[in-house]
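This report describes selected packing features of the model shown below. It treats a helix pair, the nonpolar cores and two loop positions in turn.

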Amino acid sequence: MSQRRLRVGMVGGGGPASFFGAPHRRGIVMDNSAELTAGALRSQPAEALAAARELFMPRGYPDWATMIQAEAALPESERIDYITIVTTNDAHFGPAEAAANAGLGVLCEKPLTTTLDEARRLHATVRTRDIPFGVAYTYTGFPMVMLARELVQGGEIGEVRKVEAWYPQGWLATKLEAENQKQASWRVDPARAGGSGCGGDIGTHAYEFVRFVAGLSATRLRARLKTFVPGRALDDDFTVLAELSHGAIATITASQVVIGAQNDNGFRVIGTTGTLEWSITEHGVLKHYAGGQPLRLYRQGAEYGYFPESIKPYLRLPSGHPEGFHEALANLHRTLEWTIRGRRGEKVPKPFPHPGIADGVAGMAFVEAAVASSKQDGEWVSLASS
Ligand SMILES: NC(=O)c1ccc[n+]([C@@H]2O[C@H](COP(=O)([O-])OP(=O)(O)OC[C@H]3O[C@@H](n4cnc5c(N)ncnc54)[C@H](O)[C@@H]3O)[C@@H](O)[C@H]2O)c1
């Protein structure tokens, strides 16, 4: 039995021009079991307080350090239970580390940090403080992606030989940052985005398919990072060939200059006895090709008995009623919520193993290795163990 709604604090994500705070806010309240209680929503104190008022936040703060300190000092009956971090990449580490030290849970946006070193330091703190920590690789919250993971683990396609993972976009095919477009400006700035633009922003999503669905990680890789738009400081195109654990191989591609692409990310996981394929363009369908058999289509719907118990609690609607991106993000909040409630002894469904701090660190190790390889004209680079 749940005792009360969880209380959530948001860092970043405020202001009319900000993008990803709003989907998180919808995801948090979707199931009526959590509420937005506190926020430090923008980088400038006065703007942060104004954004909190505009969003009717019960407790607005001028900055994340004040928020975490003040919330941690409140009695348990009032304090926030976790924070969600939706800032530019350079402002992930600070609030995540402070929240972990204060014993609060965290759902942090990807990429986890701007450097692998920061990611490792954060990992150490999270481990020591033993706090619930999720990383918002949103696509892992799609039930069909979760099903793909369960089918691979259940041996439905045999041993994984190869993974193809892709994430093409086209919105940075021109120099949008020169027009002061907010999301473009910081994504091409190494100080705010990190060492790779396209790779950090969306290559990490594609790589997480390798880890989350296939259950494998890159051991070494060769990469070609390209900057097609003149004068841009970071890559806008990212191509990686990776060797995976257990002798498998992967191609991981991401791009921001594929004119016409609409965030159409997806994967193909190829095993010794079959292939699983998913794409966001048909996100309610998982394709299973088994050798010599007709194509099998798994379709999304709460009533379908082929969803294992581990996924059923994450389906909200019967078939034919699309559940999509917002629900996937809500599922990541759901997993963190159930982890927190479970630790308190409340009776909740078993949380699905959605990405945690180790996946965030692995994403940073992947990006740093790709940057290093590309600088060495595509030489093989071993991934630093996280
Ligand atoms: N998981 C996904 O599918 C997904 C999708 C989009 C963006 N993202 C991630 O979300 C994050 C935000 O991206 P966006 O596109 O919404 O950016 P944005 O520029 O629209 O918003 C960034 C927000 O962070 C705030 N901010 C910056 N520094 C801050 C600080 N020190 N304290 C408080 N607030 C601060 C800004 O004021 C702004 O409101 C990025 O890390 C990005 O990679 C993830």
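In this predicted model, helix H5 passes helix H11 in a left-handed crossing. The axes of H5 (residues 116-129) and H11 lie 9 Å apart, and the two helices pack at an angle of about 165°. Because angles over 145 degrees count as roughly antiparallel, H5 is roughly antiparallel to H11. On the H5 side, the residues that meet the partner helix are Leu116, Ala119, Arg120, Leu122, His123 and Val126. Their counterparts in H11 are Ile357, Gly360, Val361, Met364, Ala365 and Glu368.

**Nonpolar cores**

The largest nonpolar core contains 108 residues. Val106, Ala148, Ala165, Val210, Val269 and Ala370 have the most contacts inside this core. Helix H11, spanning residues 357-375, supplies the largest share of the core, with 10 residues. At least three residues of the core come from each of domain 1 (6-138 + 351-356) and domain 2 (142-309 + 362-374).

Which residues is Ala370 in contact with, leaving aside its neighbours within four places in sequence? They are Ser196, Gly199, Leu221, Ala223, Leu225, Phe238 and Val240. A second core, separate from the one described above, has five residues, among them Leu172, Ala184, Val188 and Ala193.

**Two loop positions**

Ser310 is located in the loop between strand E14 (296-299) and helix H10 (325-343). Not counting residues up to four places away in sequence, Ser310 touches Glu150, Lys350 and Phe352.

Glu78 occupies the loop between helix H3 (64-73) and strand E4 (82-86). Is Glu78 buried or exposed? Glu78 counts as exposed because it has 11 C-beta neighbours inside 10 Å, and the exposed class covers residues with 12 or fewer. Ser310 has 16 C-beta neighbours inside 10 Å and therefore counts as partly exposed.

Each of these loop residues can also be described by a pair of C-alpha atoms, as tabulated here.

| Residue pair | Separation in sequence | C-alpha to C-alpha distance |
|---|---|---|
| Ser310 and Phe352 | 42 residues | 6.3 Å |
| Glu78 and Arg7 | 71 residues | 8.3 Å |

Phe352 thus appears twice for Ser310: as a residue that Ser310 touches, and as its partner at a C-alpha separation of 6.3 Å. For Glu78, the tabulated partner is Arg7, 71 residues away along the chain.

How values were computed
Residues numbered from 1 in each chain as written. Predicted model: local features only at pLDDT ≥ 70, side-chain atom pairs only at ≥ 80, totals over all residues. Core = buried A, V, L, I, M, F, W, Y, C linked by C-beta atoms within 7 Å. Buried ≥ 20, exposed ≤ 12 C-beta atoms within 10 Å, placed from the backbone. Helix = DSSP H or I, 4+ residues; strand = E, 2+ residues; numbered from the N terminus. Domains from an automatic or database assignment. Contact = placed C-beta atoms within 7 Å. Axes fitted to C-alpha atoms, helices over the stretch in contact; angles between N-to-C directions. Parallel < 35°, antiparallel > 145°, perpendicular 65-115°, else oblique. Left-handed = near helix turned anticlockwise from the far one by under 90°.
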